[in-house]
Amino acid sequence: MEMSLSVLESFSQRLIDANTSLQLQRWHATSLAIWLREGCRCAYCGRDMLGDRDFARSYYEHDHVLPVKDYPQFEDAQGYRVLACRACNSLKSIWDPNKQSKGDPPIVADDAKEVSPEQLRELVRRTKKYLWEIRTRYERDFFAEKVVILDALATIGFESDASIAATSGS
Ligand SMILES: [Zn+2]
């Protein structure tokens, strides 16, 4: 089901007006509409952003799918933002899915005034692919780093939960 952001914004505003729990947390209709449009999941890794309070409050961002630095015309346009977890947004940084996706031609002109919903979905698809590639590489580095640190912990006499997971895991 794909609903336009403006339809979801009116729906969200009605929800906020009718629910003090949403008012207490100061939900803004546009923000809630972006959450609903993405099914409350990170648009890139699919993480459930409603899974727990820490995530819902502290680890979400509204990512500009096209980096503001290169496409300043979309800076304030909410329709070109997606719900993203902080980890994905930080890994993506200023990477441009329109011009830097290997093997994919640009689909949005530099001076474009609009991005269609189809273009936005394609840019999200490219970003998911890119993040999967760099995440795989970074996770390999992280695992190597973790092994060294866990060894150090064992050397100085700590029993850590992580060490049990690391040895019984993959
Ligand atoms: Zn994510």
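Let's start with helix 1, residues 5-18, and helix 3, residues 29-37: their axes come within 8 Å and cross at roughly 115 degrees. This is a predicted model, so please keep that in mind as we go. Why do I give you an angle and a distance together? Because two packed helices are described by the angle between their axes and the distance between the axes.

The crossing of helix 1 and helix 3 is right-handed. Which residues make the contact? From helix 1 we have Leu5, Leu8, Glu9, Ser12, Gln13, Leu15 and Ile16, and from helix 3 come Ala29, Thr30, Leu32, Ala33, Leu36 and Arg37. Sorted by class, that contact of helix 1 with helix 3 holds eight nonpolar, three polar and two charged residues.

Stay with helix 3 for a moment. Which of its residues are buried? They are Leu32, Ala33, Ile34, Trp35 and Arg37. These buried residues pack against helix 1, strand 1 and strand 2. After helix 3 comes Gly39, with a positive phi near 65 degrees.

That brings us to the strands. Strand 1, residues 60-64, pairs with strand 2 in the antiparallel sense, over five bridges. If you want one pair to look for on the screen, His62 stands opposite Leu83 in strand 2. Now, is strand 2, residues 81-85, mostly covered or mostly open? Mostly covered: five of its five residues are buried. Both faces are covered, with Arg81, Leu83 and Cys85 buried on one side, and Val82 and Ala84 buried on the other.

Let's go back towards the start of the chain, to Leu22, which sits in helix 2, residues 20-24. Leu22 counts as partly exposed because it has 16 C-beta neighbours inside 10 Å. Leaving aside residues up to four places away in sequence, Leu22 touches Leu15, Ile16 and Trp27. You have already met Leu15 and Ile16, on the helix 1 side of the contact with helix 3. Leu22 and Ser12 are 10 residues apart along the chain, and their C-alpha atoms are separated by 9.9 Å.

Next, two residues to look at for their backbone angles. Arg26 is not a glycine, yet its phi is positive, at about 55 degrees. Where is it? Arg26 is in the loop between helix 2 and helix 3. With 8 C-beta neighbours inside 10 Å, Arg26 counts as exposed. Cys40 is the other one: its phi is near 60 degrees, again a positive value in a residue other than glycine. You'll find Cys40 in the loop between helix 3 and helix 4, residues 53-58. Cys40 is partly exposed, because 17 other C-beta atoms lie within 10 Å.

Further along is helix 6, residues 117-155, where Arg121 lies. Arg121 is partly exposed, with 14 other C-beta atoms within 10 Å. How far is Arg121 from Phe142? They are 21 residues apart in sequence and 30 Å apart in space, C-alpha to C-alpha.

Last, a word on confidence. The mean pLDDT of the protein is 91, and 92% of its residues reach 70 or more. Which elements sit at the two ends of the scale? Helix 5, residues 86-92, has the highest mean pLDDT of the elements, at 96, and helix 7, residues 161-168, has the lowest, at 55. Where pLDDT is low, the predicted coordinates should not be read in detail. Thanks for listening, everyone!

Conventions
Residues numbered from 1 in each chain as written. Predicted model: local features only at pLDDT ≥ 70, side-chain atom pairs only at ≥ 80, totals over all residues. pLDDT = per-residue confidence, 0-100. Helix = DSSP H or I, 4+ residues; strand = E, 2+ residues; numbered from the N terminus. Buried ≥ 20, exposed ≤ 12 C-beta atoms within 10 Å, placed from the backbone. Pairing = 2+ DSSP bridges. Axes fitted to C-alpha atoms, helices over the stretch in contact; angles between N-to-C directions. Left-handed = near helix turned anticlockwise from the far one by under 90°. Contact = placed C-beta atoms within 7 Å. Nonpolar A, V, L, I, M, F, W, Y, C, P; charged D, E, K, R; others polar.
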